[in-house]
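Hi everyone, thanks for coming. Please take a look at the structure on the screen, and I'll walk you through it.

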Amino acid sequence: MLTLSVLVDLTRCTGCKACQTACKQWNDLPAGIPEFDNNLTFPSKTDGNTYTVVQHRVTKKDGQDVMRFAKMQCLHCLEPACVSACFAKALQKTAEGPVVYYPHLCVGCRYCMLACPFNVPKYEWDEVFPLISKCQYCFDPNGRYDRVGRGQKPACVDSCPNDTMIFGNRDEILKEAWNRINGDPKYVKHVYGEKEAGGTNWLYISDVPFETFGFRTGVTERPLPEYTHDYLKWTPTVIAAWGGLLTLMYLYTKRRGEVGKEQGQDKNISA
Amino acid sequence: MAAQKWSFKITAVRKVLIALAALAAAIAVYRLATGLGTTTNLNDRWPWGLWIGFDVLTGVALAGGGYSTALLVHILHYNKFNVIARSAMLTSLLGYLLVMVGLFLDIGRWFNFWRPFVSWGYHSVLFEVFWCISLYTLVQVIEFGEIATERVAKSWHKPLKKIMPVMLILGVLLPTLHQSSLGGLYVIEVGKLHPLWWSPLLPLFFLMSSFFVGPAMVTIETTLAGRALGHRVEDNILRSLIRIAGVLMVIYLALKIIDLVNRDAFGYVFAGGLESNMFLLEMIVGVIIPIIICFTPWSAGRSGLVTFGVLTAAGLVINRMNVVITGMYQALGPGYFPSWMEWAVTIGLVSGGVLVYLFIAENFNILGRHEEQETA
């Protein structure tokens, strides 16, 4: 599949947050005053001004305390729930892979936030007219914040000093992910994002369980838009059948009432 | 029948309702001017709260008396229910107008509310909800126009009467679509919404419950209106109305059980904990006891009828809030309780609705006092 993917190899991440900073700088997102949570994580989650956060965790591995880090952002699903949930087309999936937000179309209903299986979209709660906030994959149809559309890597990938992230076509990225897993027993035998929610463009491999960082486990492997489609596909049928039936019943019972009245009158006359 | 005066009696209760509605209006202006963060406790974990859960999801369902009565009276021509038709439709219209206000206050970029009319996100269940609720509110305004033009702008009465059959059919078709679609909104919450509520049949459950809560609301409303406005509907008419609801509730209960068993989720019913208890509360209070009342002599008297109405409506409120809040709690975690301003707006909206209902019922021919007015 020729969509642009990123493989994040969590075993290579040192938690330096260069990616988080690069993201803020490239996208002109305001910074906050640090109030560290969970060791050195700040902010604790992505928010209205933060597309990506590096989660810092102290955990046990082979009986020893170890530190591990995970960069979290929108996973850019192959079949995004948010895109299917948006009733104004403010979220759209591009052919290259990024799921892009078009603020001028947004009504602010926040259904995308609920629909996302990874709870990615966040909201500018402090604004009078808030926008949804989520990683745009450095893809900007208006050009200003565009990197990927111009053939560059996303700002975060470009900024990483440890080659934690590699950027390329999904097929090759996925093959590389499994090569690494199969070539080294330290890895968890799972590529996060390979099958979750029908597959995502961002893929993760790790040597500690993904739950450590708050990755949601047990996500359905069926693309979420299909669940909705299974219901919505009946709409035309219901309109035609139920609308037709209502019309028939209306005409039939009305006529029956009239006939009843006429016969009633006849009886009265004959009586 | 010429110069009738407009009347609106001011009582102590009405003064309180006016105060509550005025407070809500003031907060609404404040919210529109300053944003959601200043007025609500909504946050990134809980993007939807009281306003969507109660004002919209519950409000639309409680207004279901409009379309269920319309189906019985205007489509199936059960003429004995004629006496309740107009008041049920008026409650429904007001309910939907309140829902529109609630929705408008809840969307972050309210100046953009019209976008889905031109930017079609037709893959979204919300798209269907948005279109159907908008169109249905319009249909209801036209339906009420037929009543209103008996008194004002009388020249419009005849043309409105002509298009009424189309409006009545649309007036059942559209609610069928969006009542179910409100449940459809949560089908995408697979894995997030607790298995006691998440089901591919959720749209059907929402549709059925919105239908059977209709007679319940009609019972409550005619009793209240009977007291306030001296209008009484005979008990046996209400009883045969709630019998229809009762039959549907039995089917609903059976489907719920079959669905839970099929999805291997029946074990959660008696598993204890918040979700199980809330589910049991919803089903016992809102479905099982009303069914018992409905099919026993208890429903022969007014007290039984009112109990049926109150319990069924309460059960529906609990059901919708369970879907929006209780069922999502495990997935979204703690961190949301409505702010006082959210409560005040919700309470004020309902108060405003009651006031408008009373005004219209006193000034237009809603409660079947047609003859009375003609002769007066």
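I'll go from the core to the interface, then to the salt bridges, and finish with two residues in loops. One thing to keep in mind throughout is that this is a predicted model.

Let's begin with the core. How many residues does the largest nonpolar core have? The number is 167. If you want to find the residues with the most contacts inside this core, go to A:Y111, A:F118, A:M165, A:W202, A:Y204, A:F215 and B:Y186. Helix α9 of chain B, residues 202–229, supplies the largest share of the core, namely ten residues.

Apart from this core there is another one, of 15 residues. Among its members are B:L90, B:Y357, B:L358 and B:F364.

Now please zoom in on B:Y186, one of the residues I just named. Setting aside neighbours within four places in sequence, B:Y186 is in contact with A:Y111 and A:L114 in chain A. From chain B, its contacts are B:W48, B:L57, B:L193, B:W198, B:L202, B:V323, B:V324 and B:M328.

That takes us to the interface. On one side, 53 residues of chain A are in contact with 59 residues of chain B. The two chains bury about 4800 Å² between them, and 65% of that is on carbon and sulfur atoms. Which residues of chain A lose the most area to chain B? They are A:F87, A:L114 and A:W125, which together make up 17% of what the chain A side buries. You may remember A:L114 as one of the contacts of B:Y186.

What about polar and charged links across the interface? There are 29 residue pairs in polar contact between chain A and chain B, counting pairs with both residues at pLDDT 80 or more. In chain A, the elements that give two or more residues to the side touching chain B are α2 (81–85), α3 (111–115), β6 (122–123), α6 (224–232) and α7 (235–270). Of these, α7(A) gives the most, with twelve residues. Sorted by class, the side of chain A that touches chain B has 32 nonpolar, twelve polar and nine charged residues.

How many salt bridges does the rule find across this interface? It finds one. Here the side chain of A:R110 meets that of B:D106, at 2.6 Å from N to O.

Over all chains, the structure holds 19 salt bridges, and I'd like to show you a few in chain A. Take A:R222 and A:D230 to start with: their closest N and O atoms are 2.7 Å apart. A:R222 has a relative accessible area of 30%, so this residue is partly exposed. A:D230 is at 32%, so this one counts as partly exposed too.

Next, look along helix α7 of chain A, where A:E258 and A:R255 both lie, three residues apart, or about one turn of the helix. Their side chains meet in a salt bridge at 3.3 Å, N to O. Are these two residues buried, partly exposed or exposed? A:E258 is partly exposed, at 33% relative accessibility, and A:R255 is partly exposed as well, at 45%.

A:D184 and A:K186 also meet through their side chains in a salt bridge, this time at 3.9 Å, N to O. A:D184 is partly exposed at 26% relative accessibility, and A:K186 is partly exposed at 34%. Elsewhere in chain A there is a network of salt bridges linking A:D9, A:R12, A:E176 and A:R180.

Last stop: two loop residues. In the loop between β7 (132–133) and α4 (155–159) of chain A you will find A:R147. Is A:R147 buried or exposed? With a relative accessible area of 7%, A:R147 is buried. Not counting residues up to four places away in sequence, A:R147 touches A:W26, A:C138, A:Q152, A:K153, A:P154, A:A155 and A:D158.

The other one is A:Y102, in the loop between β5 (99–101) and α3 of chain A. At 19% relative accessible area, A:Y102 counts as buried, because the cut-off is under 20%. Beyond four places in sequence, A:Y102 touches A:A90, A:Q92 and A:P141.

That's my tour, and I'm happy to take questions.

Conventions:
Residues numbered from 1 in each chain as written. Chains lettered and ligands numbered in written order. Predicted model: local features only at pLDDT ≥ 70, side-chain atom pairs only at ≥ 80, totals over all residues. Heavy atoms only, no water. Core = buried A, V, L, I, M, F, W, Y, C linked by side-chain atoms within 4.5 Å. Buried < 20%, exposed > 50% of the residue type's maximum accessible area, 1.4 Å probe, protein only. Helix = DSSP H or I, 4+ residues; strand = E, 2+ residues; numbered from the N terminus. Contact = heavy atoms within 4.5 Å. Buried area = accessible area lost by both parts, 1.4 Å probe. Salt bridge = Lys/Arg side-chain N within 4 Å of Asp/Glu carboxyl O. Polar contact = N/O pair within 3.5 Å; in protein donor to acceptor, adjacent residues only side chain to side chain. Nonpolar A, V, L, I, M, F, W, Y, C, P; charged D, E, K, R; others polar.
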